[in-house]
Amino acid sequence: MVERLFSKQKVAGSRPVSRFFKIIYSDLKSHDYKKFSQEYSKLDITDTFYLGYRDVPELLKQYTKGKKALDFGCGSGRSTRFLKQLGFKITGVDINPDMIKQAMKLDPEGDYRLMQEGHIPLENESFDLVTVFIMLMEVPNLKKMKIIFSEIHRVLRKDGIVLIITDAENMYQHEAASFTFKFPENKNIKSGMQVKLKFRGGKIVFFDYYWTESDYKKVFISTRFKVIKLHKTLATGKELFKWYSESKYPHFSVYVIKKFKVWL
Ligand SMILES: C[S@@+](CC[C@H](N)C(=O)[O-])C[C@H]1O[C@@H](n2cnc3c(N)ncnc32)[C@H](O)[C@@H]1O
């Protein structure tokens, strides 16, 4: 199963960054999907992304009890299609119409829904699993992050779990197969600050928000979630990809969280 999921692996590092790459980024504040949704939709689960996703099938096997799932921040559906292949009955939600359009184009049979920020248009306690893959770095402040997790708490069943893939704390200090982080913005960063990355071999440049583990954990606790697993993915060196620093430094963290009971 895992082989099939990642069967489109390519050897990374063979795609040089264009020396003539010239775009004026001054208009870019964070994640300009109007400009980049089509290019983003072509991204596969390869290179550094592969490491983020690699251990998810095993973690899901270990922690999930049912198959009804919600992919929060589904984007162009890469994560949604991945979960569908794992046998989940999945709905993808996202606030960006361009990304939802791409998701529907790539998976016309899929269930993708545009949501208003802060409100998941679905029923209380209706999902066994909520996934939040490579999305939290787009949240500009902790108040919004708390609203997101309160909504996730509402739609999650009592014994459900949330599985999150997000940037590891030291991601921006170490070059990676999928991204370059060599920008002055990434020096002396603190939680909540904007950081900059460019996807290798393409035009996508994003300004992510850098969040520490300690801030993520504060948000989870305040929205009545507890961390049951924090997993960091390192390359083994046996993969087909040409790594930069992935064997030494984790670029993605995977959190498994679940609801805790409040005794009144
Ligand atoms: C980098 S993409 C990741 C897409 C997909 N999960 C994947 O792994 O390829 C992040 C997505 O999160 C969405 N997003 C950002 N803020 C959001 C919010 N507050 N609520 C829902 N979706 C949001 C963006 O529109 C974008 O499509």
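Author: A residue is buried if 20 or more other C-beta atoms, placed from the backbone, lie within 10 Å of its own (exposed if 12 or fewer, partly exposed in between). The model is predicted: local features need pLDDT of at least 70 and side-chain atom pairs 80 or more, while totals for chains, interfaces and linings use all residues. Residues are numbered from 1 along each chain as its sequence is written.

Reader: Which residues of helix α6 are buried?

Author: In α6, residues 97-106 (helices are DSSP runs of H or I, at least four residues, and strands runs of E, at least two, numbered from the N terminus), Met 99, Ile 100, Gln 102 and Ala 103 meet that cut-off and are buried.

Reader: What makes these buried residues line one face of the helix?

Author: Seen down the axis of α6, the directions from the axis to their C-beta atoms fall within an arc of 160°, so these residues line one face.

Reader: What covers the buried residues of α6?

Author: Taking contact as C-beta atoms within 7 Å, the cover includes α2 (33-41), α5 (78-85), β2 (89-94) and β3 (111-114).

Reader: Which residues touch the most other members of the largest nonpolar core?

Author: Such a core joins buried Ala, Val, Leu, Ile, Met, Phe, Trp, Tyr and Cys through C-beta atoms within 7 Å; among its 67 residues these are Val 130, Val 132, Ile 152, Val 162 and Ile 164. Strand β5 (residues 156-167) gives the largest share, 6 residues. Leaving out residues up to four places away in sequence, Ile 152 touches Phe 72, Val 130 and Val 162.

Reader: Where does pLDDT stay under 50?

Author: On this confidence scale from 0 to 100, the chain has a mean of 89, and 89% of its residues reach 70 or more, but residues 7-28 stay under 50. Where pLDDT is low, predicted coordinates should not be read in detail.

Notes: pLDDT is the predictor's confidence in each residue, from 0 to 100. Two residues are in contact if their C-beta atoms, placed from the backbone, lie within 7 Å.
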